[in-house]
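Q: I am new to this structure and would like a close look at one part of it, the salt bridges. Please set the scene first, then take me through them and their surroundings.

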Amino acid sequence: MKNSVKDADVMRKVPSPEPAAPIGLRERGKQERRARISRAVREVFRSKGYEAATIREIAARAGVASGTIFLYARDKRELLLMMVNDDLEHLTEESFRHIPAQAPLLDQLLAIFAPRYAYWATDPKLATQALYATISARAEEEAAETTRFHRRRHSILGKLIELLEERQRSGALAPALDAPTSAWVIMSIYLAAIRLWLADEHPQPDAGVATLRALLRRAITGFGAAPSEIAGDS
């Protein structure tokens with residue numbers, strides 16, 4: 001826990017990367033193939049199911065040779081992570097971009113995490129398999145999509161730390177609050193809540209978000225938050 005909190009604290013201090021240079025035709029072709037493969041992964045996994053799907057079927061749907069698939073992912077789990085990474089990176093970017101600036105902290109946190117319930121609810125069976133893949137994706141593995149998954153989680157932690165520190169500066173949270181540890185508490189609550197929610201036979205987004213709201217409300221109260229920070233719970 002200690003090392004993870006330190007990692008999250010370091011992540012927020014990493015300077016923003018320089019704007020990317022224009023890509024050439026070869027790189028553009030590579031990205032287009034990757035996009036076709038990602039779409040094929042979604043289509044085949046949803047129509048056949050994760051276990052029944054094969055690399056050959058995915059390659060055929062993408063219009064590439066089976067060997068080409070292994071240039072992007074080493075196995076089916078990595079292909080699943082590729083699809084999830086593509087989806088969640090976009091979802092994360094949009095969620096943080098549209099955080100309501102003047103809203104209570106509780107509502108800001110729900111703006112970040114609630115869209116994920118709608119996303120996972122589109123295909124609960126595949127979502128369960130995807131979440132299992134993320135659990136079993138060990139950070140020390142060198143596979144590209146596994147590394148990408150863990151980098152995004154660190155990025156989210158860094159953004160949560162920044163959000164909490166901003167609320168501290170405004171006087172809404174206790175000055176002595178340990179923002180990195182509190183960000184880990186928030187992330188852990190979400191991860192536990194989403195997995196329990198997906199265990200339901202027919203998980204409903206509204207019910208999942210309501211449970212998350214109650215759990216986050218309790219956590220925020222423990223952060224020494226001003227009453228206005230949980231006003232959105234009415």
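A: From the N terminus on, the elements of this protein run α-α-α-α-α-α-α-α-α-α. The model is a predicted one. The count is 10 helices and zero strands. Of the 234 residues in the protein, 44% are buried.

Now to the salt bridges. Side chains of opposite charge can pair when their charged atoms come close. A search of the whole structure finds 13 salt bridges.

Start with Arg42 and Asp87. These two residues form a salt bridge, and their closest N and O atoms are 2.8 Å apart. The pair links distant parts of the chain. Arg42 sits in helix H2, while Asp87 sits in helix H5, which covers residues 76–97. Along the chain, 45 residues separate them. How buried or exposed are the two partners? Asp87 has a relative accessible area of 15%, so it is buried, since buried means under 20%. Arg42 has a relative accessible area of 23%, so it counts as partly exposed.

Next comes Glu57 with Lys48. Their side chains meet in a salt bridge, at 2.4 Å from N to O. Glu57 is partly exposed because its relative accessibility is 29%. Lys48 is partly exposed too, because its relative accessible area is 40%.

Glu145 and Arg148 give a third example. Their closest N and O atoms are 2.8 Å apart, and the two residues form a salt bridge. Both lie in helix H8, which spans residues 144–169. They are three residues apart, about one turn of the helix. Glu145 is buried, and Arg148 is buried as well. This pair also belongs to a network. Salt bridges that share partners join Glu145 and Arg148 with Arg34, Asp86 and Glu89.

Back to helix H2, for charges of another kind of grouping. Helix H2 covers residues 25–48, and Arg39 is found there. Arg39 belongs to a patch of positive charge on the surface. Arg26, Lys30, Arg33 and Arg36 gather in that patch with Arg39. Why does Arg39 count as partly exposed? Its relative accessible area is 47%, so Arg39 falls in the partly exposed class. Patch members carry no salt bridge and have over 30% relative accessible area, so the 47% of Arg39 fits that rule.

Charge is one kind of contact. Aromatic rings give another. A search of the whole structure finds five aromatic pairs. One pairs Tyr117 with Tyr190: the ring centres are 6.3 Å apart and the planes stand at 80°, so the pair is edge-to-face. The cut-off for that label is over 60 degrees, so 80° qualifies. This pair, too, links distant parts of the chain. Tyr117 is in helix H6, residues 105–121. Tyr190 is in helix H9, residues 179–198. The two are 73 residues apart. Tyr117 and Tyr190 are both buried. They also form one aromatic cluster with Phe113 and Trp197.

Other places bring separated stretches of chain together. Take Leu173, in the loop between H8 and H9. Leu173 has 2% relative accessibility, so it counts as buried. The C-alpha atoms of Leu173 and Ile220 are separated by 8.8 Å, though the two residues are 47 residues apart along the chain.

Ser228 is found in the segment after helix H10, which covers 205–222. With a relative accessible area of 42%, Ser228 is partly exposed. Its C-alpha atom lies 7.8 Å from that of Ala172, with their positions 56 residues apart along the chain.

Pro124 closes the tour. Pro124 lies in helix H7, residues 124–136. Its relative accessible area is 27%, so Pro124 is partly exposed. Pro124 and Ala199 are 9.0 Å apart, C-alpha to C-alpha, and 75 residues apart in sequence.

To return to your salt bridges: Arg42 and Asp87 join helix H2 to helix H5, whereas Glu145 and Arg148 both lie within helix H8.

Technical notes
Residues are numbered from 1 along each chain as its sequence is written. This is a predicted model: local features need pLDDT of at least 70, side-chain atom pairs count only at pLDDT 80 or more; totals for chains, interfaces and linings use all residues. Side-chain values use heavy atoms; hydrogens and water are left out. Patches are made of residues with over 30% relative accessible area and no salt bridge: like charges are joined within 9 Å, nonpolar side chains (Val, Leu, Ile, Met, Phe, Trp, Tyr) within 5 Å. Accessible areas come from the Shrake-Rupley method with a 1.4 Å probe; for residues, only the protein chains shown count as cover. A salt bridge is a side-chain nitrogen of Lys or Arg within 4 Å of a carboxyl oxygen of Asp or Glu. Lys and Arg count as positive and Asp and Glu as negative; His and the chain ends are not counted. The place of a charge is taken as NZ of Lys, CZ of Arg, CG of Asp or CD of Glu. Helices (H or I, at least four residues) and strands (E, at least two) are DSSP runs, numbered from the N terminus. Buried means under 20% relative accessible area, exposed over 50%, partly exposed in between (1.4 Å probe, protein chains only). Rings of Phe, Tyr and Trp (its six-membered ring) pair if their centres lie within 6.5 Å; planes under 30 degrees apart count as stacked, over 60 as edge-to-face and the rest as tilted.
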